[in-house]
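This report describes how helices pack against one another and how aromatic side chains are arranged. Please examine the sequence and the structure first.

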Amino acid sequence: MAMGADEPTLLVFAISHYCEKARWALDRIGIRHHLRAVAPGAHVRVLRRLGAAERTVPLLHLADGTLIQGSSQIIDWAIAEHANGRVSGAALPTGGDPMIEARLDDRFAGPLVHWYYSETLPVAPRGMRRIFSAGLGTVERIGLRLTWPVMRRAMVHGMALGPERARAELPKIEAELDWIDGLVTGGVLAAAEAPPGRLEITAAALLAPIVLPPEHPHYADLPIPPALRRQIDAWQDRPCFGWTRTLYAQHRWAHHRSARQAVSAR
């Protein structure tokens, strides 16, 4: 898909692993797109103005006004575009049980968000504001800085974040990491050296906030308080961590610098 007015726009939070999942799949298939970072809170007005049904990103805004919301739905659209011959890039292998992707999205990625935010928003608010500001324009960055105290409190309250939530989510995450380790060692996830398919991109993107691969467009800047760092360090020898590091190093680097440069608030 050539650069130009017909490109879709992908709305993202820089920190979101769901957004990374959609972004990587579009890159992998070769669908050129504008990246538009949006700020938490302010994104609701943007999505409402577009007519989105939900208040979540990622959201793909096509040139004809069509909206595709959710990482899995965006990948479905991208695969269909390739299958119909409207994209000349690489095919994205879709083998594997779709229930595995659903479990990664819901039972792993969801608790991971609540655990991570419980360990960071109360104790590292400036660092979290910085990562949410990634890719924003000047006006949006100023707006986020001014509204951040209220926004942070709303996020903490709305998601019931804090030490108790972190303790409740951690066993769920570790159980899912055991399961993902089994997917890696059992060959359900393809070897990291092979070009990734849909399932591999999903798993690696959703693991990235705790694996912290340097090839990710933004995770080198993630705030890591000491308690969080100790837990992440304790997981480093897991098979799924090594697999994710290799997958990013082998297959994500080509888009790393361009992704940093292309994110803009249009």
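Helices α4 and α8 pack at an angle of about 10 degrees, with their axes 10 Å apart. That makes α4 roughly parallel to α8, because angles under 35 degrees count as roughly parallel, over 145 as roughly antiparallel, 65 to 115 as roughly perpendicular and the rest as oblique. Axes here are lines fitted to C-alpha atoms, for helices over the stretch in contact, and angles run from 0 to 180 degrees between N-to-C directions. Helices (H or I, at least four residues) are DSSP runs, numbered from the N terminus.

The model is predicted: local features need pLDDT of at least 70, side-chain atom pairs count only at pLDDT 80 or more, and totals for chains, interfaces and linings use all residues. Residues are numbered from 1 along each chain as its sequence is written, and side-chain values use heavy atoms, with hydrogens and water left out.

Contact means heavy atoms within 4.5 Å. Between α4 and α8, the residues in contact include Leu-104, Phe-108 and Trp-115 of α4 and Leu-199, Leu-206 and Ile-210 of α8. The residues of this contact divide into 12 nonpolar, 1 polar and 3 charged; Ala, Val, Leu, Ile, Met, Phe, Trp, Tyr, Cys and Pro count as nonpolar, Asp, Glu, Lys and Arg as charged, and the others, Gly among them, as polar.

Two further helix pairs are listed below.

| Helix pair | Angle | Axis distance |
|---|---|---|
| α4 (residues 98–120) and α9 (residues 226–234) | about 140 degrees | 8 Å |
| α8 (residues 198–211) and α10 (residues 239–251) | about 105 degrees | 9 Å |

The angle in the first row makes α4 oblique to α9. Among the residues in that contact are Trp-115 and Tyr-116 of α4 and Leu-228 and Ile-232 of α9. The angle in the second row makes α8 roughly perpendicular to α10. By class, the contact of α8 with α10 has 12 nonpolar, 1 polar and 2 charged residues.

Aromatic rings form a further topic. Rings of Phe, Tyr and Trp (its six-membered ring) pair if their centres lie within 6.5 Å; planes under 30 degrees apart count as stacked, over 60 as edge-to-face and the rest as tilted. The count comes to 7 aromatic pairs. One of them, Tyr-117 with Phe-132, is tilted, at 6.2 Å centre to centre and 50 degrees between the planes. Tyr-117 lies in helix α4 and Phe-132 in helix α5 (residues 125–133), 15 residues apart. Phe-13, Tyr-116, Tyr-117, Phe-132 and Trp-148 form one aromatic cluster.

Methods
Helix = DSSP H or I, 4+ residues; strand = E, 2+ residues; numbered from the N terminus.
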